[in-house]
Amino acid sequence: MATNPIVLLVMGSDSDLPVMREAADVLSTFGISYEMRISSAHRSPARTLALAADAANRGIKIIIAGAGMAAHLAGVVAAKTILPVIGVPMPGGALNGVDALYSTVQMPAGIPVATMAIGKAGAKNAGLFAVQILALSDERLLSALLEYRAEMDREVERKDVALQAG
Ligand code: RP5
């Protein structure tokens, strides 16, 4: 377990791990300490509520919550903390993530969840969004984010040059 984690990554099941690793990889790239936990809004509600309620006291600044199907996890976590909660809808199930998207994004007024795209793109963006929030008060992260974007720009250019070269 990471020492002094500032981002909590929580997912409803170990089956979400391959997707949520995308968020973890981004945090690692930017040198941000995080903790990964499995806790379900449905199967282990008391444990989930305790995890969310205690997060701020432990020095967590941002929570990323990923779940699939009737994905109440992000909303339930958000209800028990004033930390910003970023939701990642998992793909899979009969509706392939559309159920999780609606469950995560359609929060009633009062308890927001910043909802990302379904699946790996959403998990990666959740990591980046967390970095952007932390960069508001961290010059090192701000510089690293600017360089990250500059590198994306260069990569597109390299691909275009390769395409033109045939
Ligand atoms: C959700 O149900 C989890 O987040 C997962 O995406 C989905 C299916 O869970 P498993 O049956 O694979 O454990 O709670």
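Lys 159 sits at 55% relative accessibility, so it counts as exposed. Its side chain meets that of Glu 155 in a salt bridge, 3.5 Å from N to O. Keep in mind that this is a predicted model. Below is a quick tour of the salt bridges, the pocket, the surface and a couple of backbone oddities.

**Salt bridges along helix H6**
- Lys 159 and Glu 155 both belong to helix H6 and are four residues apart, about one turn of the helix.
- Glu 155 has a relative accessible area of 34%, so it is partly exposed.
- Glu 151 pairs up with Arg 154 in a salt bridge, with the closest N and O atoms 3.0 Å apart.
- These two are separated by about one helical turn because Glu 151 and Arg 154 are three residues apart in H6.
- Glu 151 is partly exposed at 29% relative accessible area, and Arg 154 is partly exposed too, at 35%.

**A salt bridge between distant parts of the chain**
- The count for the model comes to seven salt bridges.
- One of them joins Glu 35 and Arg 58, whose closest N and O atoms are 2.9 Å apart.
- That pair links distant parts of the chain, 23 residues apart: Glu 35 is in strand E2 (residues 34–38), while Arg 58 is in the loop between helix H2 (45–55) and E3.
- Glu 35 is at just 2% relative accessibility, under the 20% cut-off, so it counts as buried.
- Arg 58, at 31%, counts as partly exposed.

**The largest pocket**
- Its volume is about 340 Å³.
- The lining has 20 residues, and Ser 13, Asp 16, Ala 67, Gly 68 and Met 69 lie nearest the centre.
- By type, the lining residues split into nine nonpolar, nine polar and two charged.
- Met 69 is found in the loop between strand E3 (62–67) and helix H3 (73–79), and has a positive phi near 60 degrees despite not being glycine.

**Another positive phi**
- Asn 4, also not a glycine, has a positive phi of about 50 degrees.
- You'll find Asn 4 in the segment before strand E1 (7–11), and its relative accessible area of 66% makes it exposed.

**Surface and long range**
- Leu 95, Val 98, Tyr 102 and Val 105 make a nonpolar surface patch of about 380 Å².
- Tyr 102 is part of helix H4 (residues 98–105) and, at 54% relative accessibility, counts as exposed.
- Asp 153, in helix H6 (residues 139–165), is exposed at 53% relative accessible area.
- From C-alpha to C-alpha, Asp 153 and Ala 2 are 32 Å apart in space, with their positions 151 residues apart in sequence.

How values were computed
Residues are numbered from 1 along each chain as its sequence is written. This is a predicted model: local features need pLDDT of at least 70, side-chain atom pairs count only at pLDDT 80 or more; totals for chains, interfaces and linings use all residues. Side-chain values use heavy atoms; hydrogens and water are left out. Patches are made of residues with over 30% relative accessible area and no salt bridge: like charges are joined within 9 Å, nonpolar side chains (Val, Leu, Ile, Met, Phe, Trp, Tyr) within 5 Å. Accessible areas come from the Shrake-Rupley method with a 1.4 Å probe; for residues, only the protein chains shown count as cover. A salt bridge is a side-chain nitrogen of Lys or Arg within 4 Å of a carboxyl oxygen of Asp or Glu. Buried means under 20% relative accessible area, exposed over 50%, partly exposed in between (1.4 Å probe, protein chains only). On a 1 Å grid over the protein atoms alone, a cavity is a set of points where a 1.4 Å probe fits but cannot get out, and a pocket is an open set with protein on both sides within 12 Å along at least five of seven lines; lining residues have an atom within 4 Å of a point. Grid points are joined across faces, edges and corners, and a volume is the space filled by probe spheres set on the points. Ala, Val, Leu, Ile, Met, Phe, Trp, Tyr, Cys and Pro count as nonpolar, Asp, Glu, Lys and Arg as charged, and the others, Gly among them, as polar.
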